[in-house]
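Me: I'd like to go through this one as a quick Q&A. Let's start with the ligand, then move on to the pockets and the backbone oddities.

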Amino acid sequence: MTSIARSALRAPRLSVAPSIAIARTRLSAVTSHLSGHPNRGFLRTMASLPKTMKGVWIEKTGGTEVLQYKEDIPVPEVKEGQVLVKNEFIGINYIDTYFRSGVYPLPHTPYILGREGAGTVAAVGANVPDDLKLGTRVAYAGQLAYAEYTPVDAKTTVVVPDSIDAKTAAAALLQALTAVTLIREAHPVQKGDWVLVTAAAGGVGLWLCQLLKAVGARTIAAASSAEKRELAKKNGAEVVVDYYEEDREKFTKEVIEITGGEGVAAVFDSVGKATFDSSLATVKRKGSMVSFGNASGPVTGFALGRLGAKNVKLLRPTLFNYAYTRDEFQQYAAEVWKFIEKDGLNVAIHDVYPLKDVVRATEDIESRKTTGKLLLKP
Ligand SMILES: NC(=O)c1ccc[n+]([C@@H]2O[C@H](COP(=O)([O-])OP(=O)(O)OC[C@H]3O[C@@H](n4cnc5c(N)ncnc54)[C@H](OP(=O)(O)O)[C@@H]3O)[C@@H](O)[C@H]2O)c1
C-alpha cells in the first residue's frame, strides 16, 4: 500500500467501528488505486454517499465457499477518468467464475468480483466526459461490480436511454456487446452464412441467436437440453442440435449435413475444451473458428498445422479489445440499445438474486441449468 493510500485510509473516515477499520485495512489492495485521489478538488460527489457498503469479495481462489458477503466495505473513491456508480442491478457473467476459481489470475486480494452493472452516477472524478453527470443513469463494463458502489472508467461507461430500465441495461450490456462484436469483427457475418453457436441458450448465446437472425444468417444452435434448444429456436436459431457428448463425431456429422455437406462459415464456441475439436471440424474451407470462452475449461496445446487442412481462421477474441476506446465502446453500446429499442430484441433474464445470495446464483450458473441472464440486486 502506498503512503498516499495509507493516509487516505487513516483519514477522518477511520473513526468508525473497529470491524470497519479492519475491513478498510484489508481492502487496501482493492482500493489502493482508488484512495488518495490526486484530484480531490475536482471530485463531485452525491451528498448522501455513505461510508461503507455491502459487497462480495474473495481473499483466495476456489469453489463458491470463497465468496464472502460483507456489509462493511468502505465505499471506494474514484480516481481521474472514473465515475462511482450506485448499482441498481449487477450482471453475473461466466467470466466471474474464472476469476473466482483461478482460471484467470486475480489482479490482487481481497478482490471484489463482477464485471458489469447499471445504476446512477454517485461521484465524478476529474477529466470525465460531460455526459456522465451526477445522477445520470448509466451501465458499465468494468471490475469490482459485486457491491453497492463501483468505481468505473468513463471509457467503458455509457448513458442508458430513457426507454430502457436499469434491469434491462444490466442484463444486456456485456453479453450483447460481446455478441455484437463477435458477429461484426471476429467473423463479419454475411447474410445467408451458416453459423454454429454453442451454449446457445446461455446469456451470450441467446444474443447471438437473435443477432444472427437479425442480420440474415442461418444459425445452428447447440445446447445441452431439449428445453434449452427450444429456447434457442424461439430466439432465432434455424436448426438446433444436441452436443452428443458421448459421440462428438455424431455432432460434427450432423452439423455438416445440415449445411448440405459444406460446413459452417463460422463457429462461435464458448464452451471451450469440451467442444473445441468437434466444433472446429464443422468449419468450411476458409471459414472462422471463433473460440471465445472456457465454460468447460480452456483450450490448450493446439497444433497450428491443423488449420491448414481447410485454411481456417482461428480467433480467441475478448470484448475489451474490440470495445477498447471510448468511441468504440459508445458505438457498440449504441448498437445494442438500438437492437433493444427499435428491433425489439428480447433481453432474457433467468432470475434476479439478492446480492447476499451470491453463492446460490453462482452455483446456478455453473450448474448449466440457467438460460439467459442472471442478475444480482444490492
Ligand atoms: N471473450 C469474451 O470477451 C467473452 C465475453 C463474455 C462472455 N464470454 C464467454 O461466453 C460464455 C458464455 O458466458 P455467459 O455469461 O453468457 O454464460 P452462459 O452461457 O449463460 O452459461 C454458461 C453455459 O455454458 C455451457 N457449458 C458447457 N459446458 C459447461 C460446463 N462444463 N460447465 C458449465 N457450463 C457449461 C452451459 O450451456 P449448455 O448446458 O447448453 O452447454 C452453460 O449454460 C462463457 O464461456 C464466457 O466466458 C466471453
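Me: How far from an oxygen atom of the ligand is the polar side-chain atom of glutamine 175?

Reply: Heads-up that this is a predicted model, where local features need pLDDT of at least 70 and side-chain atom pairs pLDDT 80 or more, while totals for chains, interfaces and linings use all residues. Residues are numbered from 1 along each chain as its sequence is written, and side-chain values use heavy atoms, leaving out hydrogens and water. For polar contacts (N or O pairs within 3.5 Å), glutamine 175 pairs a polar side-chain atom with that ligand oxygen at 3.0 Å.

Me: Which residue has a side-chain N or O atom 2.7 Å from an oxygen atom of the ligand?

Reply: Look for a tyrosine side chain. Among the residues that come nearest the ligand are Tyr98 and Tyr243, and the 2.7 Å pair uses the side chain of tyrosine 243.

Me: And which residue puts a backbone N or O atom 3.0 Å from a nitrogen atom of the ligand, and how much of the ligand gets buried?

Reply: The backbone partner is proline 317. Taken alone, the ligand exposes 900 Å² (Shrake-Rupley, 1.4 Å probe). The part of that area buried by the protein is 92%.

Me: How many residues are around the ligand, and which helix supplies the largest share?

Reply: Counting residues with a heavy atom within 4 Å, the shell has 27 residues, and Tyr98, Ser224, Lys228, Tyr243 and Leu319 come nearest. Helices here are DSSP runs of at least four residues and strands of at least two. Helix H4 (94–101), helix H5 (166–186) and helix H6 (203–214) each give at least two residues to the shell. The largest share, three residues, comes from H5.

Me: In which pocket does the ligand sit?

Reply: On a 1 Å grid, a pocket is an open set of points for a 1.4 Å probe, with protein on both sides within 12 Å along at least five of seven lines, and lining residues have an atom within 4 Å of a point. Sitting there takes more than half of the ligand's atoms within 2 Å of the grid points. By that test, the ligand is in the largest pocket.

Me: What lines the largest pocket, and which helix gives the largest share of the lining?

Reply: There are 42 lining residues, with Tyr94, Ile95, Tyr98, Val204 and Ser270 nearest the centre. Two or more residues come from each of H4, H5, H6, helix H10 (319–322) and helix H12 (358–366). The largest share, five residues, is from H5.

Me: Which elements each supply at least two residues of the lining of the second largest pocket, and which gives the largest share?

Reply: Strand E8 (149–153) and H10 each supply at least two. The largest share is three residues, and they belong to E8.

Me: Which residue does a cis peptide bond join to threonine 109?

Reply: Omega of this bond is about -10 degrees. The partner is in the loop between H4 and strand E5 (111–112). That residue is proline 110.

Me: What is phi of alanine 199?

Reply: Most residues other than glycine have a negative phi. Alanine 199, in the loop between strand E10 (194–197) and H6, has a positive value near 45 degrees.

Note on methods
Polar contact = N/O pair within 3.5 Å; in protein donor to acceptor, adjacent residues only side chain to side chain.
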